[in-house]
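This report describes the internal cavity and the ligand site of a predicted model. The cavity is treated before the ligand.

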Amino acid sequence: MKIISVVGARPNFMKIAPFIRAIEKHNSGDGEKVEHLLVHTGQHYDHQMSQTFFDALNIPPADIHLGVGSGTHAEQVGNTMIAFEKVVMEEKPDWVVVVGDVNATLACSVTAKKLHVKCCHIEAGLRSGDERMPEEINRLVTDRLSNLLLTPDLLSIENLKKEGVEDNRIGFVGNIMIDTLEAQREKAAALSISDVLKENLLLEDANIPAVEEEKYAVMTLHRPSNVDHKDIITALVEFLTREVASDMPLFWPIHPRARKQLEMFGLWDRVVNTPNLVLMRPIGYHDMLRLNMTARLFLTDSGGLQEECTVLGTPCLTLRWNTERPVTLLEHGGASVLVGNNVERIREEYHKAMDRERLAVRPELWDGHTAERCLEAIIKASN
Ligand code: UD1
């Protein structure tokens with residue numbers, strides 16, 4: 001059997017690493033071998049957004065690099081489809097495996113299906129219900145087309161069933177990203193917070209405040225809905241610099257898109273000159289895990305971080321109005337609360353979160369063995 005798996009952007013790398021390890025483990029046994037090719041579309045190309053994750057997670061270099069780069073959605077999806085079509089026609093895989101919900105996921109699932117190649121979607125069934133999110137469109141199309149839909153939780157199975165998906169296309173496997181978290185936990189725990197800060201400062205001469213465990217906050221922000229509108233990002237920056245950073249050190253690894261927008265809206269000097277606010281470049285997997293392990297609070301608009309906060313128990317304010325990952329919410333037993341981008345709501349939930357203790361939770365099958373179940377399901381669906 002021949003599988004092509006696809007990565008394109010940062011959140012894909014921690015999902016593909018365990019899948020590749022599961023194939024290696026399978027191939028060391030007696031059964032029929034799986035031939036595997038890794039394709040990188042090149043959506044994320046900065047060293048810190050891509051190569052660092054290959055190095056840290058021991059992902060072998062991509063066999064094929066499409067070099068698609070940045071652009072509008074249509075440019076990214078279109079260019080990926082044109083380049084990936086050639087790969088599929090040349091390599092003739094039995095399966096294309098896509099993960100998550102980025103533009104590479106959509107582009108490669110559509111391309112595979114048009115060439116009559118079976119497609120498996122790992123992390124299927126997530127729905128935010130918000131079609132203004134590019135990722136929601138990617139999820140809807142990918143799940144509509146994929147032959148095998150492997151879900152991280154039971155709520156996702158309900159979503160697929162509501163859409164009329166037949167039972168034999170659905171498999172419940174758990175959360176593959178948590179495989180990576182479990183595999184890397186020990187290595188991350190051995191890092192010191194002050195080293196993580198020193199090695200990742202965005203501005204070399206910046207002051208690092210004194211830091212104690214469970215007395216600092218971490219934030220990430222990159223969604224267009226938060227960073228692309230001047231009034232929204234200005235209000236968020238006001239709150240973060242005046243209120244959060246005055247209560248405790250606040251670490252902010254900055255996504256390239258957020259930095260560009262802060263500069264464009266004239267907010268850059270403000271964030272640079274706030275004492276207690278430590279600007280960091282995009283940080284590596286272990287560094288982020290280490291900061292998360294003993295953070296007092298996380299503020300984020302990332303999907304993956306909501307899940308990591310749940311498993312680590314870090315109180316998390318999700319700067320979105322909806323989530324495709326309800327299993328991470330407090331009302332479902334998780335660690336996160338949806339606060340949108342309205343500062344009054346964020347402030348109210350911020351004070352409540354500061355009163356909550358850390359509480360680690362483990363949704364069903366988030367047990368570190370999801371990748372093996374994914375490969376088993378693909379093999380079973382091939383027979
Ligand atoms: C993409 C994913 C999003 C995911 C996020 C994680 C889609 C639709 N979105 O959003 O789901 O949460 O990745 O980061 O696929 N840029 C660089 N260097 C890079 C990559 C990007 O400078 O290596 C800059 C470019 O100016 C680019 C912008 O960041 O235009 C946005 O990058 P893009 O890949 O289009 O989307 P993300 O916001 O990263």
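## Internal cavity

The largest cavity is lined by Ile122, Glu123, Leu150, Pro152, Val173, Gly174, Asn175, Ile176 and Met177. By class, this lining comprises six nonpolar, two polar and one charged residues.

The volume of the largest cavity is about 30 Å³. The count of cavities of 30 Å³ or more comes to one.

## Ligand shell

The ligand is surrounded by 21 residues, of which His44, Asn103, Glu135, His222 and Lys260 are the closest. Sorted by class, the shell around the ligand holds seven nonpolar, nine polar and five charged residues.

Both domain 1 (2-175 + 367-382) and domain 2 (183-355) contribute residues to this shell, and the ligand therefore lies between them.

## Polar contacts and coverage

Three pairs of atoms illustrate how the protein meets oxygen atoms of the ligand. For Asp46, a backbone N or O atom lies 2.9 Å from a ligand oxygen atom. In the side chain of Gln76, an N or O atom is 3.2 Å from an oxygen atom of the ligand. For Glu135, which is also among the closest residues, the distance from a side-chain N or O atom to a ligand oxygen atom is 2.5 Å.

On its own, the ligand has 740 Å² of accessible area, and the protein covers 88% of it. Two or more residues of the shell come from each of helix H1 (10-27), helix H3 (73-91), helix H5 (134-145) and helix H11 (256-264).

Conventions: Residues are numbered from 1 along each chain as its sequence is written. This is a predicted model: local features need pLDDT of at least 70, side-chain atom pairs count only at pLDDT 80 or more; totals for chains, interfaces and linings use all residues. Side-chain values use heavy atoms; hydrogens and water are left out. A residue is near a molecule or strand if one of its heavy atoms lies within 4 Å of it. A polar contact is a pair of N or O atoms within 3.5 Å; within protein, one must be able to donate a hydrogen and the other to accept it, and residues adjacent in sequence count only if both atoms are side-chain atoms. Accessible areas come from the Shrake-Rupley method with a 1.4 Å probe; for residues, only the protein chains shown count as cover. Helices (H or I, at least four residues) and strands (E, at least two) are DSSP runs, numbered from the N terminus. Ala, Val, Leu, Ile, Met, Phe, Trp, Tyr, Cys and Pro count as nonpolar, Asp, Glu, Lys and Arg as charged, and the others, Gly among them, as polar. Domain bounds come from an automatic or database domain assignment. On a 1 Å grid over the protein atoms alone, a cavity is a set of points where a 1.4 Å probe fits but cannot get out, and a pocket is an open set with protein on both sides within 12 Å along at least five of seven lines; lining residues have an atom within 4 Å of a point. Grid points are joined across faces, edges and corners, and a volume is the space filled by probe spheres set on the points.
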